[in-house]
Amino acid sequence: FHGRVKVTTDLGSGPLTLLTDRRYNNGTWYKIAFQRNRKQGVLAVNDAYNISNKETKQGETPGASSDLNRLDKDPIYVGGLPRSRVVRRGVTAKSFVGCIKNLEISRSTFDLLRNSYGVRKGCSLEPIRSVSFLKGGYIELPPKSLSPESEWLVTFATKNSSGIILAALGGG
């Protein structure tokens with residue numbers, strides 16, 4: 001959501017959605033915490049290196065339900081959902097792109113490598129290539145074969161209303 005943090009909780013009587021005002025997709029580590037006590041939900045985002053820089057959102061789920069009826073064997077997905085999974089209305093199927101470390105659920109460490117979808121070990125917040133160019137400029141990279149499951153991560157800032165971010169051309 002344009003770099004903002006969004007948490008949605010549905011206890012069966014409709015969703016509570018908490019959305020930060022600030023954007024957090026800037027290459028800096030943040031501590032994100034969500035706590036729920038019955039119908040009350042609190043989302044807090046802290047700068048990992050400056051704890052005074054904090055944003056908090058809170059709200060209450062609608063309806064009469066106050067418990068989350070989740071069984072121990074019910075899956076928890078972090079990072080995205082398998083394509084085969086049916087997605088409920090209001091749940092986004094778009095996968096997370098970024099870095100997550102030290103995930104805890106109910107005060108217990110959650111092993112992302114064993115229990116998550118599409119997660120790989122290792123993360124670098126440093127750009128592989130960094131370029132700046134003015135109007136009319138472009139960058140051309142040497143050709144590289146792409147497998148059907150290739151991934152690219154591009155971070156950019158612009159004042160243009162439209163443009164080409166990536167073009168991959170094959171053939172002669």
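Which side chains meet in a salt bridge at 3.9 Å, N to O? They are Lys39 and Glu60. A salt bridge here is a side-chain nitrogen of Lys or Arg within 4 Å of a carboxyl oxygen of Asp or Glu. The pair links distant parts of the chain, 21 residues apart. Lys39 lies in the loop between strand 3 and strand 4, and Glu60 lies in strand 5. Helices (H or I, at least four residues) and strands (E, at least two) are DSSP runs, numbered from the N terminus.

This is a predicted model, in which local features need pLDDT of at least 70, side-chain atom pairs count only at pLDDT 80 or more, and totals for chains, interfaces and linings use all residues. Residues are numbered from 1 along each chain as its sequence is written, and side-chain values use heavy atoms, with hydrogens and water left out.

**Salt bridges**

Side chains of opposite charge can pair when their charged atoms come close. By the distance rule, the count comes to four salt bridges. Among them are these:

| Pair | N to O distance | Separation in sequence |
|---|---|---|
| Lys57 and Asp21 | 2.8 Å | 36 residues |
| Arg38 and Asp67 | 2.7 Å | 29 residues |
| Lys39 and Glu60 | 3.9 Å | 21 residues |

Take Lys57 and Asp21, which meet in a salt bridge. Lys57 belongs to strand 5 (residues 50-60), while Asp21 sits in the loop between strand 2 (15-19) and strand 3 (30-37). Lys57 is partly exposed, at 23% relative accessibility. Asp21 is exposed, at 56%. The cut-offs: buried means under 20% relative accessible area, exposed over 50%, and partly exposed in between (1.4 Å probe, protein chains only).

Arg38 and Asp67 also link distant parts of the chain. Arg38 is in the loop between strand 3 and strand 4 (40-47). Asp67 is in the loop between strand 5 and strand 6 (104-105). Arg38 counts as partly exposed because its relative accessibility is 47%. Asp67 is partly exposed too, with a relative accessible area of 41%.

**Aromatic rings**

How many aromatic pairs does the structure hold? It holds one. Tyr24 and Tyr30 form an edge-to-face pair, 4.7 Å centre to centre, with 80° between the planes. Rings of Phe, Tyr and Trp (its six-membered ring) pair if their centres lie within 6.5 Å; planes under 30 degrees apart count as stacked, over 60 as edge-to-face and the rest as tilted. Tyr24 is buried, at 10% relative accessibility.

Tyr30 also touches Asn46. Asn46 is found in strand 4 and is buried, at 16% relative accessibility. Leaving aside neighbours within four places in sequence, Asn46 is in contact (heavy atoms within 4.5 Å) with Tyr30, Lys31, Ile51, Asn53 and Lys54.

At another ring, the charged end of Lys101 sits over Trp29, 4.4 Å from the ring centre. The test is NZ of Lys or CZ of Arg within 6 Å of the ring centre and within 35 degrees of the ring normal.

**After helix 1**

Ile139 is in the segment after helix 1 (112-115). Ile139 is partly exposed, with a relative accessible area of 44%. Val131, Phe133, Ile139 and Leu141 form a nonpolar patch on the surface, with about 350 Å² of accessible area together. Patches are made of residues with over 30% relative accessible area and no salt bridge: like charges are joined within 9 Å, nonpolar side chains (Val, Leu, Ile, Met, Phe, Trp, Tyr) within 5 Å. Accessible areas come from the Shrake-Rupley method with a 1.4 Å probe; for residues, only the protein chains shown count as cover.

Ala157 also lies in the segment after helix 1. Ala157 is exposed, at 78% relative accessibility. Ala157 and Ser132 are 25 residues apart in sequence and 9.8 Å apart in space, C-alpha to C-alpha.
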